[in-house]
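Q: I would like to learn how to read a structure like this one, feature by feature. Could you walk me through it?

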Amino acid sequence: MAAPRGDFVLDAGTAPVLLVSAGIGVTPVLAMLHQLADSGSTRRAWWLHTSHDATTFVFAEEAARLVAALPSARSQVYLTAGTDPLPSGAVAGRVTAELIAGLGVPPETVAYVCGPAAFMDQMTAALADAGISPANIHTERFGSRAAINPGVVRADLPPAHQPPGPAGTGPAVTFARTGLTVRWSDDYPSLLELAEACDVPTQWSCRTGVCHTCVTDVLSGRTSYTTQPLERPGPDETLLCCSRADADVVLDL
């Protein structure tokens, strides 16, 4: 049990909102739909959900009631099993890139996508093709994760390198096993994202300081947490997904 955490939350702006989910991924975007309805929002909103059949879409009535309360909202539910007869407001099939392109969403739309990994990858690509800026497309995995292998077994990564763009001016971050030293930049939310920008092999799962998959030995130096982990690792360890370099640091990566 813990307080809500992470950054997959509805923004406070006025831009149109697109909520796209599949399966159990409906849960966090349903909370966003509640927030829109509770605030009496007049933002243009689209609610798109894919489920296997009517029995597996457990929030159908609740979602329909919330959409009906919003003056500028549209809703479409897709059932992959093609249940006959189809419930009101549902069609057979699934959300596709063609359907996304046909929505006519303006380029400033902010999209929130949650569901299985393959679904999110497809939707992210479809939304970008529809003209939505990648910076406005937010995703969160909500379900079982794929097998996680230590980064050292990856054979498809390019050689580690300095991150793209201007060099940072912060403390030196050394990836000891990789033999690479880079300067910390506040452009990166975490040491994990810095490592990814450098193609330094590592592993992760939750990215919110819960699962400890990214726990890494700190050989020297000091880090601090941008988001407090649910449970702190050992005294000479850090969780890459939610920490930053406060001084020159050497990581066992």
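Q: Let's begin with one residue. Which residues does Ser51 touch, not counting residues up to four places away in sequence?

A: Bear in mind that this is a predicted model. To read a contact list, look for heavy atoms within 4.5 Å. Here Ser51 touches Thr56, Phe57, Tyr78, Leu79 and Thr80, leaving aside residues up to four places away in sequence.

Q: Where does Ser51 sit, and is it buried or exposed?

A: Ser51 belongs to strand β2, which covers residues 45-51. A residue counts as buried under 20% relative accessible area. Ser51 has a relative accessible area of 5%, so it is buried.

Q: What polar contact does the side chain of Ser51 make with another side chain?

A: For polar contacts, look for a pair of N or O atoms within 3.5 Å, one able to donate a hydrogen and the other to accept it. The side chains of Ser51 and Thr56 are joined by a polar contact of 2.5 Å. In addition, a polar atom of the Ser51 side chain lies 3.5 Å from the backbone nitrogen of Phe57. Thr56 and Phe57 are also both on the list of residues that Ser51 touches.

Q: Now the whole chain, please. How many helices and strands does the protein chain have?

A: The protein chain has 5 helices and 13 strands. Its C-alpha trace spans about 65 × 35 × 35 Å along the principal axes. Of the 253 residues in the chain, 39% are buried. For contacts between residues at least 6 apart in sequence, 64% join residues at least 24 apart.

Q: What can I say about the surface and the charges of the protein chain?

A: The accessible surface comes to about 13,200 Å², and carbon and sulfur atoms account for 53% of that. As for charge, there are 15 positive and 25 negative charges, and their mean positions are 2 Å apart.

Q: How do I check a helix, say α1, against its expected length?

A: Compare the span from the first C-alpha to the last with the value expected at 1.5 Å a residue. Helix α1, residues 26-38, has 13 residues and reaches 18 Å, close to the 18 Å expected. Just after α1 comes Gly40, with a positive phi near 65°.

Q: Which residues of α1 are buried, and what do they pack against?

A: The buried residues of α1 are Val26, Pro28, Val29, Leu30, Met32, Leu33, Leu36 and Ala37. They pack against β1 (17-22), β2, α2 (60-68), β5 (110-115) and β6 (137-141). Ser51, from the start of our tour, is in β2.

Q: What about Leu191: where is it, and what does it touch?

A: Leu191 is in helix α5, residues 191-197. Leu191 counts as buried because its relative accessibility is 0%. Beyond residues up to four places away in sequence, Leu191 touches Val173, Trp184, Thr223, Leu240, Ser243, Arg244, Ala245 and Leu251.

Q: Which backbone angle should I look at for Asp199 and His212?

A: Look at phi, and ask whether a positive value falls in a residue other than glycine. Asp199 has a phi near 55°, and His212 has a positive phi of about 70° without being a glycine. Asp199 lies in the loop between α5 and β9 (215-220), and His212 is found in the loop between α5 and β9 too. With a relative accessible area of 21%, Asp199 is partly exposed; His212, at 24%, is partly exposed as well.

Definitions and conventions: Residues are numbered from 1 along each chain as its sequence is written. This is a predicted model: local features need pLDDT of at least 70, side-chain atom pairs count only at pLDDT 80 or more; totals for chains, interfaces and linings use all residues. Side-chain values use heavy atoms; hydrogens and water are left out. Helices (H or I, at least four residues) and strands (E, at least two) are DSSP runs, numbered from the N terminus. Buried means under 20% relative accessible area, exposed over 50%, partly exposed in between (1.4 Å probe, protein chains only). Accessible areas come from the Shrake-Rupley method with a 1.4 Å probe; for residues, only the protein chains shown count as cover. Lys and Arg count as positive and Asp and Glu as negative; His and the chain ends are not counted. The place of a charge is taken as NZ of Lys, CZ of Arg, CG of Asp or CD of Glu. The expected span of a helix is 1.5 Å times one less than its number of residues.
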